[in-house]
Amino acid sequence: MSIDDLNVSTAVIRPGDSDWESARRFHSGIGEPAAIIRAMSVDDVRGALRYAAAERLEVMIRGGGHSAWGGVPGGLTLDISALDDIAVDGTRVRVGGGAQWGAVAHTLAAHGLGLSSGDTASVGVGGLTLGGGIGWMVRAWGLASDQLVGAELVTANGEVVEVSDTSHPELMWALRGGGGNFGVVTRFDFEAHHLPGVVVGVYGIEGDAGPTLRVLRDVLAAAPRELTVTYMDVPPMDPSAPAGASITAVWAGDDETAARAALAALAAAPGVSEREFGPQDYPDVLMEAPEFDPEHPMPGFVGGNTLLPALDDDAIERLVAFRTQNPASVVLLRSLGGAFGDVAQDATPFPARDATWFAMAGAFDVPGMLDDDARAAAVQAWADIEAKGSGVYGNFIASADPSVAARMYPPATMARLAAVKRQWDPGNIFCRNHNVQP
Ligand SMILES: Cc1cc2nc3c(=O)[nH]c(=O)nc-3n(C[C@H](O)[C@H](O)[C@H](O)COP(=O)(O)OP(=O)(O)OC[C@H]3O[C@@H](n4cnc5c(N)ncnc54)[C@H](O)[C@@H]3O)c2cc1C
C-alpha cells in the first residue's frame with residue numbers, strides 16, 4: 001500500500017529510512033517492527049489503522065514507550081507520542097493520547113490542580129491509565145483510571161467514538177483497567193483535584209527492615225488518606241534509586257503539620273532516620289527514568305508483584321527474607337487502601353480493590369549471580385508471597401507473554417472484557433498488550 005492511499009500527513013518509516021534508528025527506540029530497548037507510523041492527528045491514526053489492515057500487520061500502540069511490547073518483532077508501531085496536547089477547563093483536563101505524565105503534572109500545577117499518575121515523568125498517560133496507574137495520590141484519589149471520565153477512541157475499523165459513562169458505558173468500564181485492547185485513545189478526559197502542593201518525607205532504614213515495616217503498616221492503617229508511601233530496598237546495581245532500604249512518603253496537600261503528625265511514629269521508630277522532610281511542587285516529585293543503555297540492558301528478574309489484602313507479619317518476614325537471600329534483588333511496597341478501596345470491585349476491571357498494599361520483589365537474573373538452586377529458591381519464595389495476594393497488577397509485568405492477562409483478570413472480569421473486545425475489535429488487531437481474546 002502506498003502512502004498516497006493512506007491520506008495521512010506523515011510517512012511510513014521502514015528499515016533503512018533515515019529516521020528508522022531514532023523511531024524504533026523505546027524506553028528499555030530497540031524495537032524491530034515491520035514499519036512505524038508517527039501519527040500527528042486523529043486522521044493519521046485512522047490512516048495508520050487502514051494501512052495495518054491492508055498489510056495485515058498487528059498494531060503496537062506506542063504512547064510513552066515504557067512497556068515491553070516495543071521489543072516484540074514485526075507489526076506496525078503506531079507512535080502517537082505527538083498527540084500530546086493538554087487543555088484545562090476548570091477541573092476537567094483533556095490530555096492527548098500520547099502525552100507523558102510529567103507534562104500533565106506541570107500544566108496542572110500552574111492551575112493549582114493535580115492528578116494521581118505514577119512515580120515517573122516520562123511514563124505515558126495512555127499505558128499507565130488504561131492499565132490502572134498506582135501513583136503518589138492513590139490513597140487520596142484512587143488509581144489514575146479512577147479519575148478518567150471520558151475518552152475519544154479510534155476503533156479497529158477507523159470509527160472515532162466519544163466514550164463516557166453515558167456514551168458506550170461498557171467500553172468506558174473496559175478503559176478503566178482493561179489496557180489498550182479496544183482501540184487507540186486519542187484523548188483522555190480526567191477530572192482533576194485541587195492540589196496546592198505536596199509534603200514529602202524520605203526516611204532511611206538501618207538494620208533489619210522487618211520491625212520498621214510493621215510500624216509503617218500500622219501507621220498507614222491509621223493515617224488520613226492524604227498519605228501514600230513507598231518502601232524500597234534496592235542493591236547498589238539498580239540505577240533507579242539510592243542503594244539500601246528507604247521509605248518515601250507523599251502527603252497530598254500543603255499541610256506540613258498534619259503530614260508530620262501522620263508520620264511521627266515512623267520517624268521515631270528504631271533504625272529510622274529522616275533524610276528529608278518538607279513541601280514540594282508535585283511535578284518535582286516525579287522521577288526521571290534512567291536512560292536505556294544498549295551496552296548494559298536491564299536484566300530480567302525472578303519474582304513478581306501482587307496486591308495484598310493485608311500486610312501481615314508473615315508477608316513482611318517473607319519479603320525481607322527474599323531481599324536478604326538474594327543479594328542482587330529489589331523489594332518494593334506501595335500503600336493502597338483509602339480512595340483506591342472505595343471503588344466497587346465490579347466498577348472497573350482492575351483486580352483486588354480489597355488490597356491495602358502492593359508488593360513487588362525480584363531477584364536480578366544475571367549470569368553468575370543466580371545459579372539454578374538460587375533461581376528455584378527465588379521462584380518458590382515469590383510464589384509463597386504471591387499466594388497471599390488477591391490479584392496481580394499487569395502494568396508492572398514487563399513481559400509480552402500471552403498468559404499474563406489470564407493472571408490479571410478473574411474469570412468473570414475477563415468474560416466481560418472479552419464481550420467488549422468482540423464488539424470493538426473482533427479481529428484482535430490490538431493484540432500487542434496484555435491481550436483480551438475476543
Ligand atoms: C520507569 C518506569 C516507572 C513506572 N512507574 C509506574 C508507577 O509509578 N505506577 C504505575 O502504575 N506504573 C508504572 N510503570 C508501569 C507503566 O504504567 C507501564 O509500563 C505502562 O504500560 C507504560 O505506559 P506507556 O504509555 O509509557 O507505554 P507504551 O509502551 O507506549 O504503551 C503500553 C501499552 O499501553 C497501551 N497504550 C498506550 N497508550 C495508548 C493509547 N493512547 N490508546 C490505547 N492504548 C494505549 C498499548 O497497549 C501499549 O502497548 C512504570 C514503568 C516504568 C518503565
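Student: Which residues of H8 meet H11?
Tutor: This is a predicted model, and in it Ala209, Gly210, Leu213 and Arg214 of H8 do the touching. On the H11 side, their partners are Asp313, Ile316, Glu317 and Val320.

Student: What classes of residue are in that contact of H8 with H11?
Tutor: A mix: four nonpolar, one polar and three charged residues.

Student: And at what angle do the axes of H8 and H11 cross?
Tutor: At roughly 140 degrees, and the axes come within 9 Å. H8 covers residues 209-222, and H11 covers 313-325.

Student: Why is the pair H8 and H11 called oblique?
Tutor: An angle has to be over 145 degrees to count as roughly antiparallel. The crossing here is roughly 140 degrees, so H8 and H11 are oblique to each other.

Student: Left-handed or right-handed, when H8 passes H11?
Tutor: That crossing is right-handed.

Student: OK, what about H8 and H9? How do their axes cross?
Tutor: They cross at roughly 160 degrees and come within 9 Å, with H9 being residues 256-267. H8 and H9 are therefore roughly antiparallel to each other. H8 passes H9 in a right-handed crossing.

Student: Which residues meet there, between H8 and H9?
Tutor: H8 brings Val215, Leu216 and Val219, and H9 brings Leu263, Ala265 and Leu266. By class, that contact has six nonpolar residues, with no polar and no charged ones.

Student: Back to H11. How far apart are the axes of H11 and H13?
Tutor: They are 10 Å apart, and the two helices pack at an angle of about 160 degrees. H13 spans residues 372-386. H11 and H13 are therefore roughly antiparallel.

Student: Is H11 passing H13 left-handed or right-handed?
Tutor: Left-handed. Ala315, Arg318, Leu319, Phe322 and Gln325 are the H11 residues in this contact. From H13 come Ala377, Ala381, Trp382, Asp384 and Ile385. Sorted by class, the contact of H11 with H13 has seven nonpolar, one polar and two charged residues.

Student: New topic: the ligand. How many residues surround it?
Tutor: There are 36 around the ligand, and the closest are Gly64, Gly124, Gly126, Gly127 and Gly180. Strand E5 (59-62), helix H5 (125-131) and strand E12 (184-191) are the elements that each give two or more residues to that shell.

Student: Which element gives the most to the shell?
Tutor: H5 does, with five residues.

Student: And how many of the shell residues are polar?
Tutor: 21 of them are polar, alongside twelve nonpolar and three charged residues.

Student: Zooming out, how is the protein chain divided?
Tutor: Into domain 1 (8-79), domain 2 (86-194 + 414-424) and domain 3 (198-396), going by a domain assignment. Domain 2 is written as two stretches of the chain.

Student: What separates the centres of domain 1 and domain 3?
Tutor: Their centres, taken over C-alpha atoms, are separated by 34 Å. Where domain 1 and domain 3 are in contact, domain 1 gives four residues and domain 3 gives five.

Student: What classes are on the side of domain 1 that touches domain 3?
Tutor: One nonpolar and three polar residues, with no charged ones.

Conventions:
Residues numbered from 1 in each chain as written. Predicted model: local features only at pLDDT ≥ 70, side-chain atom pairs only at ≥ 80, totals over all residues. Axes fitted to C-alpha atoms, helices over the stretch in contact; angles between N-to-C directions. Helix = DSSP H or I, 4+ residues; strand = E, 2+ residues; numbered from the N terminus. Parallel < 35°, antiparallel > 145°, perpendicular 65-115°, else oblique. Left-handed = near helix turned anticlockwise from the far one by under 90°. Contact = placed C-beta atoms within 7 Å. Nonpolar A, V, L, I, M, F, W, Y, C, P; charged D, E, K, R; others polar. Near = placed C-beta within 6 Å.
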